[in-house]
Structure formats: structure tokens, C-alpha cells
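Colleague: I'd like to go through this one with you and ask where each label comes from. Can you pull it up?

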Amino acid sequence: MAENGQNCDQRRVAMNKEQYNGNFTDPSSVNEKKRRDREERQNIVLWRQPLITLQYFSLETLVILKEWTSKLWHRQSIVVSFLLLLAVLTATYYVEGAHQQYVQRIEKQFLLYAYWIGLGILSSVGLGTGLHTFLLYLGPHIASVTLAAYECNSVNFPEPPYPDQIICPDEEGTEGTISLWSIISKVRIEACMWGIGTAIGELPPYFMARAARLSGAEPDDEEYQEFEEMLEHAETAQDFASRAKLAVQNLVQKVGFFGILACASIPNPLFDLAGITCGHFLVPFWTFFGATLIGKAIIKMHIQKLFVIVAFSKHIVEQMVAFIGAVPGIGPSLQKPFQEYLEAQRQKLHHRSEMGTPQENWLSWMFEKLVVVMVCYFILSIINSMAQSYAKRIQQRLDPKEKTK
């Protein structure tokens, strides 16, 4: 593996020594040109250049569709097999018969798994920026199940996916029968599926770095370029961010499977660097993905679940509300909406929501608007990222023309 990596490095060095009228290109001028191009692309955002950004986004979308159409056209056997399978599944779904009860059960479970895996992928796939689906969806879901479990003294709600609201069973348990483990078991499926999605979302940086290393071509990703620059200036790194990145890179490179597992098992915003490191040093796929899957879908998810469940346990919530009320001056006014919100949730859990629709609480109103804002920002980041990707295509087409002048 090390010998293969050295050969790839030698090929990259040879490719970087481009000739210009018989002379080698000055590396400093090349780096300066890349820096200017990067700054120029970063200015292509909706709030600075809306028309150009939307135009480039549309053109990049067409380019991607064209590329995918070409790939599918060259894999006609796979496409035909997929269409035949889809036709069989559609017929099975719509034809009446005794099998429909199994079809409905499979559909229910498939939609549940696909929903949470999809949210996990959105959280880590890196389309411009990740959508923080744990804060927006999984965390609130675990919190609502925790509050309901302590209020109902039971976790015998309907099996997920839940209806519009969780409702206590008719036969409630006795107080004090709810344990931490019972709540963990109740939300384990959703949490593990979300963790699997986050592990899948970490694969693109790995494959990108691996392909660049094996081909010896100029990497077509800014994060990978920054990674190589970081390796070149590793000895002179002084700032905290660079040292943290180097620590992650060294841990993954030297420890291997258990280093990846350690990085994946804790909330780590630098984990993309671990994927790039593994791809760059040609770490086997199943070593990287296996450690990432175990770390994110099992270890990290149980840590996050425990934190949310403990934070929203009945006595902790009551203490937090009392603490808010003790704040001098504004405490009582802040405490009231929290108490109203908790009381409204208790009424819903005990079938009392039909007694009257409570007025919308400003806490729920703020959370709804926060979700909308973060989803909109995620969409804008995708538009900006795709527009900048098309701008990079233009710059790459212009570079050869400039060299021939």
C-alpha cells in the first residue's frame, strides 16, 4: 500500500510540472492562480450575484442530468432490470389478495427506515452544508417520547411511525415504572437508522480522495486540496484548527480501524477529514465504513440518546422550569410559556385535545420558524454550491486556452 501511494505521489508531481513555452510553471504562481479562482467562486452566492448564481445553478443541473443520463445509457441492462423489478413490485402492491397485509407491513417499515436514513444522509452528506436533522427532527422526537413516557408511565404507544401525535394507552402504568432502558429501546430504531444515514453520508469524501490518489490526477475538490496543503505545511502549523485537523489525520492514519472508530463515536465536525485521510492513504473500504457505521449508528447514537433522555426526564424538566422562574425580573414571564407548552402536551397525551384547541405557544411557533429557516438555508447552500461547481468548470475550460496564448 505504501509503495502504491509513493507511485501515485510521483505521478502527481510529474503532472504538476507543466511546461509553458518550454519552461516549467512556477508553483507559487499556480497556487496564487488557484487562490484567486477560489475567491472568485466563493463570491458566486445568491445574496451577492443572484442572477449569475441562478444561471450557473441551472446549467450545473443540466450538466449533472446529462452525465447521469449518459451513465444510465451505458448501463442499459441494470436499468432494464430495475424497471422490471419496479413493475413487479407495483403489480404486487396494487393487486388485491391475501398478501396485502404483508405488503402493508413491509411498506410501513420501509418508509420508516427510509425516512430516518434519509434524514441522516442529509445531516452529513455535505451538499454545501449539512442539514442539522438531529436538532430539527431526531432530538425533538426522542424528547417527545421521553416526556410522554414519564407522563403516561408507559411506552406502549403505537409502534412507529407514530400518528400525528403520541397518545397514552388506555391502561396507563403505575408511576415510577419507567426506566431509562425502556425509553432507549423505544427510540432505538429511529436513532440507529439515522446513524446509518450519517455513516452513508460520509462516503463521498472517502471515494473522492481515493479516486484522486489512485488516478494521480489533480483533485477536483477544495477540501482535498486543503488537505494536501495541510500535509505539506504540517510542521509549521500553529493555529488551533490546523493542529486539530492534524491530530485527526494522525489518529486515523496511525491507529487505523480504532482511530476511525474513535473519531466517529463522538460529535466531530472534522470527520470529513477522516474520510479524506482514509481515501488518500487507501484504507480499505470496509475498514473505513465498518468503523464509521459502528461509531455513528451504535456508540455515538447511544451517547446522544442518553443525553436527550436525561435532559428531558420529568424531574430535570421540572427543575429547569423552576430555574427559569427564579431568574430575577423576567423569570415569571419566561416561565409561563414553558408551563403552558408542557400542559398542552400533557392534555394531548391524555386525549384532552378535543376539549379545546389551545392557543399557539410562542415556543412552538419559534421552533417551527427555526425549522423553516434552517431548511431554506440548506437549500440555498445547495444552490450556491452547485453554482460554484459550474463556475469551476468554466475556469478549468479557460485555463488551457490561456496557456496556448
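Modeller: Sure, and keep in mind that this is a predicted model. Let's begin with Ile-379, which is partly exposed at a relative accessible area of 44%.

Colleague: Why is Ile-379 called partly exposed?

Modeller: Buried needs under 20% and exposed needs over 50%. Ile-379 has 44%, so it lands in between and is partly exposed. Ile-379 sits in helix α17. Ile-379 and Leu-131 are 248 residues apart in sequence, yet 9.2 Å apart in space, C-alpha to C-alpha.

Colleague: What about Gln-395, and why is that one called buried?

Modeller: Its relative accessible area is 10%, and the cut-off for buried is under 20%, so Gln-395 counts as buried. Gln-395 is also in helix α17, which covers residues 362-403.

Colleague: What makes the pair Gln-395 and Arg-41 a polar contact?

Modeller: Their side chains come to 2.6 Å. The limit for a pair of N or O atoms is 3.5 Å, so 2.6 Å falls within it.

Colleague: Over to Ile-106. Why is it called exposed?

Modeller: Ile-106 has a relative accessible area of 58%, and exposed means over 50%, so the label follows. Ile-106 is found in helix α5, residues 100-124. Together with Tyr-102, Phe-110 and Leu-111, Ile-106 forms a nonpolar patch on the surface, with about 470 Å² of accessible area for the four together.

Colleague: How do you know that the span of α9 agrees with a helix of 13 residues?

Modeller: At 1.5 Å a residue, residues 203-215 should span 18 Å, and the end C-alpha atoms are 18 Å apart, so the two agree. As for burial in α9, Leu-203, Pro-205, Tyr-206, Ala-209, Ala-212 and Arg-213 are buried.

Colleague: What is notable about the phi of Asn-153?

Modeller: Asn-153 has a positive phi of about 55° although it is not a glycine. Most residues other than glycine have a negative phi. Asn-153 lies in the loop between α6 (133-152) and α7 (180-186).

Colleague: Is Asn-153 buried or exposed?

Modeller: Buried: its relative accessibility is 16%, and the cut-off is under 20%.

Colleague: Last one: which residues does the UniProt record annotate as "transmembrane region"?

Modeller: The unreviewed UniProt entry gives that annotation to residues 46-65, 77-95, 115-138, 273-294, 306-327 and 362-383. In the model, residues 77-95 are 95% helix and 0% strand, with end C-alpha atoms 27 Å apart. Residues 306-327 are 82% helix and 0% strand, and there the end C-alpha atoms are 28 Å apart.

Note on methods:
Residues numbered from 1 in each chain as written. Predicted model: local features only at pLDDT ≥ 70, side-chain atom pairs only at ≥ 80, totals over all residues. Heavy atoms only, no water. Helix = DSSP H or I, 4+ residues; strand = E, 2+ residues; numbered from the N terminus. Expected span 1.5 Å × (residues − 1). Buried < 20%, exposed > 50% of the residue type's maximum accessible area, 1.4 Å probe, protein only. Patch = residues over 30% accessible without salt bridge, like charges linked within 9 Å, V, L, I, M, F, W, Y side chains within 5 Å. Areas by Shrake-Rupley, 256 points an atom, 1.4 Å probe, with all protein chains shown as cover. Salt bridge = Lys/Arg side-chain N within 4 Å of Asp/Glu carboxyl O. UniProt positions renumbered as here; feature names shortened; annotations may be inferred. Polar contact = N/O pair within 3.5 Å; in protein donor to acceptor, adjacent residues only side chain to side chain.
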